Amino acid sequence: MIQNQEINCSPSVANGLWLLLAEIVAFKEEITAKSADYFLRQPLKIDGNIRVPFMGQEELLREYMAPLSKAIGIEIEPVSDTAKFSLIDSLLNDRLSVVLAQFDSTAVSDVSDFDLADKEQIVHSFLNEYTEQQRAQSAEVTRVMNGLERRSTKNESGETLYYYAGGSGERTIVIINAFGQGLAYWTRLIADLVVNHKVIIWLPRGSGYETVGITTSYSVTEHREDLKALLTQERIERAEFLGWCTGPKLIIDYYAAYPDQVASMVFLNATFKDWPGNIDAQTDFEKNLAPLLKMVHDRPQLATPLIESLKNVLLARGADIHDPQSSKELMKLLAVPCADLSEAVVEPLLSQTGVVSYAKQLMDFWNYNVSELFGAISVPVLFITGDCDRIAAPRMAQLAAKAIPTAKYVEVSGGSHYLLYERHELVSRLVELFWAPKVFSYRAQG
């Protein structure tokens, strides 16, 4: 189980204190993006005994919490008894422990003019640099997404297929998006990946390229041949495949038909709903969605009243915290998509026609069982999921990983269905490690 992410700081802030403060601020932003008033009702507790190297000395992290609390508008409470931690507090402190483990005590900060007694000055300087770094990262994501090239090809039926391409490098990554979804979820991860790799982004046919949603349902076979046409157009003989949600199932089907083109597979928050013999491993969302979509399929006029219900479930409305020590309630909160994604989550459900098409597409998709293909997979496979995913069952992904001879499974503590956006740095780091031959080893199917 993975609980932490690598900190991505510029060389000018490569200092233990800076890295810890950055983790705290980033975590605060992560939680408030899911619940704006969470920290209005309870403090964020940290281990008051943490010592950090700073300017050649060791100082208690707690001494910086009062000015940091004032600056970012929440109460940060250093405590000696970690038994008082809630799930939220424990997640942060797990991340802080990894930062400390990674810190190079020989690193030198460029803040040698600081008076160590002036904590407010130090925190103020840190926040200025942190804010500037966040702006630069946001601008880079925008630059990368605006720079993606929209390309097209035609399938055997003569229909035009669109896709996007960006980046460069020896390794080619083929991204398979979820049915009916736009690219909002992928923006940060794509920006990470294009730095060193050529990236091809495919939205399965039926999804709009100017708009989001499904206009027409297509079979898995049709999607497979569309992807084949795309890769032929790009003259891609072999690539790494990366899919989210429904994407992994399409990748497995493609591998079964064209194994020589698939070098490895990475599955993010994979769904294998209706896997025979493992129905009990489904999330409540997966269990409840099927009968609702069947009703819409049989009676399209029910799509409109269903839309609001689906929005409420997907946005996890009602995930209010009544007991801040309840891990069950806090896991529901962590499952909520961050505010940045709210529009993207509901966009495929904005029309009756779209919901009807989405219902048919998913029902056909669920009826296609890929579990029979698991045992024949011989290329490296990495599953990454979150223990707070309430859309695609982490347990189902874990079972699939056990059934695939070459698979590895990583479960992110506190991770939602939207890891590729909310924890993109961690995901990109795991993916890069997965592709490093000395880190993961696999036994070939014999």
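Accessible areas here come from the Shrake-Rupley method with a 1.4 Å probe. Keep in mind that the model is predicted.

**Exercise 1. Get a feel for the whole chain: how much area does the protein chain expose, and what share do carbon and sulfur atoms supply?**

Solution. Start with the surface: the protein chain exposes about 19300 Å², and carbon and sulfur atoms supply 48% of that. Next, look inside: 55% of the 446 residues count as buried. Then the build: the chain has 16 helices and twelve strands. Finally, the contacts: take those between residues at least 6 apart in sequence, and 77% of them join residues at least 24 apart.

**Exercise 2. Work out how the rings of Phe179 and Phe365 are arranged, and which parts of the chain the pair ties together.**

Solution. Step one is the count: the structure holds 13 aromatic pairs. Step two is the geometry of one of them: Phe179 and Phe365 sit 5.1 Å apart, centre to centre, with 90° between the planes. Planes over 60 degrees apart count as edge-to-face, so that is the label for this pair. Step three is location: Phe179 is in the loop between β7 (172-176) and α6 (187-193), while Phe365 belongs to helix α13 (residues 352-366), so the pair links parts 186 residues apart in sequence.

Now for exposure. Buried means under 20% relative accessible area. Phe179 comes in at 2%, so it counts as buried, and Phe365, at 1%, is buried too.

**Exercise 3. Do the same for Trp244 and Tyr418: is the pair stacked, edge-to-face or tilted?**

Solution. The centres are 6.4 Å apart and the planes make an angle of 55°. Stacked needs under 30 degrees and edge-to-face over 60, so this pair is tilted. As for where the partners sit, Trp244 lies in strand β9 (residues 239-244) and Tyr418 in the loop between β12 (407-412) and α15 (419-422), so the pair ties together parts that are 174 residues apart in sequence. Check the burial as before: Trp244 has a relative accessible area of 2% and is buried; Tyr418 is buried as well, at 4%.

**Exercise 4. Find the residues that form one aromatic cluster, then say which lysines lie over the faces of Tyr258 and Phe365.**

Solution. For the cluster, pick out Phe267, Phe272, Trp275, Phe374 and Phe383. Over the face of Tyr258 you'll find Lys228, 4.7 Å from the ring centre. Phe365, already met as the partner of Phe179, has Lys249 over its face, at 4.4 Å from the ring centre.

Notes:
Residues numbered from 1 in each chain as written. Predicted model: local features only at pLDDT ≥ 70, side-chain atom pairs only at ≥ 80, totals over all residues. Heavy atoms only, no water. Phe/Tyr/Trp six-rings, centres within 6.5 Å; stacked < 30°, edge-to-face > 60°. Helix = DSSP H or I, 4+ residues; strand = E, 2+ residues; numbered from the N terminus. Buried < 20%, exposed > 50% of the residue type's maximum accessible area, 1.4 Å probe, protein only. Lys NZ or Arg CZ within 6 Å of the ring centre and 35° of its normal. Contact = heavy atoms within 4.5 Å.
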